[in-house]
Amino acid sequence: MVVKEGYKQTEIGIIPNDWNIKSINEAFEICNNLRLPISEDVRKTMQGIYPYYGPTKIQDYINNYRVKGEFALIGEDGDHFLKWREIPMTQIAFGKFNVNNHAHLIKGKINITLTSWFYYFFNNRDITQHLTRQGAGRYKLSKSTLVKIPCVIPSTLAEQTVITNALFDADKLITGLEKLITKKRNIEQGAMQQLLQPKEGWEVRKLGEVVGKVTTGKLDANAMKENGEFRFYTCAKDYYFIDEYAFDTEALLVSGNGANVGYIYYYKGKFNACQRTYVLTDFDIDVFYIKLFLDSYLKDRILTEVSAGNTPYIKMDTITDMTIHFPKSAEEQTRIAAILSDMDAELTALEQKLEKYKKIKLGMMQELLTGKTRLV
């Protein structure tokens, strides 16, 4: 591999010539003596204002604190190591708080910026090679192993600061959008409860009486074709493609089992479906009103029909025998559906923007934390 001028090949990749590789022990202090291990039962009786952190998130709030300042946390043990691509390996904690004994407590030795550098550098970094297994189950990152892990660090405080500040700004943008989405989702939930609540003069019927036909697809879920012409609906959240269609109509498609059981799609046109996807067609009332009603109430109905410990799934009468209430006026059905659909579309747009920002941040991390792109 050709290394361009100004860079050098190291044990953990190509980095700028003026950057250093230090072990955790050289650059950081591990402050595990400040951790506060308490049982879950005790924790639940200590509802307070101070965060109690675990390896990946705040687990509770308790009525005293043991740590004060800014620290980075990285898990000591747990199943989160198996999902490091989806679950950040580290988190930042500041102010007054507590940490349980399943996370290492990290602080920069030379300056506080190093604490943030640790947080970002190991945020989504694969450290599997440094882990041990506890029997056949959970992974563990012992302190004796942690201190030996190499970390790339810019040689100047100025460069450390400008990089961590840029990533912090990206985090702030993402956090702000997440809060907005939560707010909008709560508003939508409140609007759904208000608008779909049965009122005087509304009709109450079984869903099978307002939907002319409820059937399922006929194909195996793996029947999709990469370059197929028609949409193919399975129990996944995304549709696939296939060479042949079995339906040519306006329909609601309901995922019948799996992780996305109860997920509902609307489609009008030619499509196909797998044998565990329910296909609802021929509607006597506004189709979008029905979709929003199912979005609001179907999952609760599914859960009430499932025995403890069983995997949730949908039977035909889960849908056909479900009670639906709706205004007699088609115009009011459409009005309610339009209001809620607009809110849902706004949420979808915000969620797409959030995913875009997360990808941008990931790209920033890949460029900035390796020195591929220099900011000073």
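In this predicted model, the charged end of Arg-133 sits over the ring of Tyr-139, at 4.3 Å from the ring centre. A second contact of this kind involves Arg-231. The charged end of Arg-231 sits over the ring of Tyr-239, 3.9 Å from its centre.

Tyr-239 also takes part in an aromatic network. The whole structure holds 20 aromatic pairs. Among them, Tyr-239 and Phe-241 meet edge-to-face, with 5.7 Å between centres and 80 degrees between the planes. Tyr-239 is partly exposed, at a relative accessible area of 34%. Phe-241 is likewise partly exposed, at 33%. Ring pairs join both residues into a cluster with Tyr-233, Phe-247, Tyr-263, Tyr-265, Tyr-267 and Phe-271.

Strand β19 spans residues 264-273. Seven of its ten residues are buried, leaving the strand mostly covered. Strand β16 (residues 230-233) runs parallel to β19, and three bridges join the two. Tyr-233, a member of the ring cluster, has Ala-273 in β19 as its bridge partner. Strand β18 (residues 247-255) runs antiparallel to β19, with eight bridges between them. Here Leu-253 stands opposite Tyr-265 of β19. Tyr-265 belongs to the ring cluster as well.

Elsewhere, Ser-329 occupies the loop between β21 (323-326) and α9 (330-368). Its relative accessible area is 30%, so Ser-329 is partly exposed. Ser-329 and Trp-202 are 127 residues apart in sequence, yet their C-alpha atoms lie 8.8 Å apart in space.

Definitions and conventions. Residues are numbered from 1 along each chain as its sequence is written. This is a predicted model: local features need pLDDT of at least 70, side-chain atom pairs count only at pLDDT 80 or more; totals for chains, interfaces and linings use all residues. Side-chain values use heavy atoms; hydrogens and water are left out. Buried means under 20% relative accessible area, exposed over 50%, partly exposed in between (1.4 Å probe, protein chains only). Helices (H or I, at least four residues) and strands (E, at least two) are DSSP runs, numbered from the N terminus. Two strands pair if DSSP finds at least two bridges between them. Rings of Phe, Tyr and Trp (its six-membered ring) pair if their centres lie within 6.5 Å; planes under 30 degrees apart count as stacked, over 60 as edge-to-face and the rest as tilted. A charge sits over a ring if NZ of Lys or CZ of Arg is within 6 Å of the ring centre and within 35 degrees of the ring normal.
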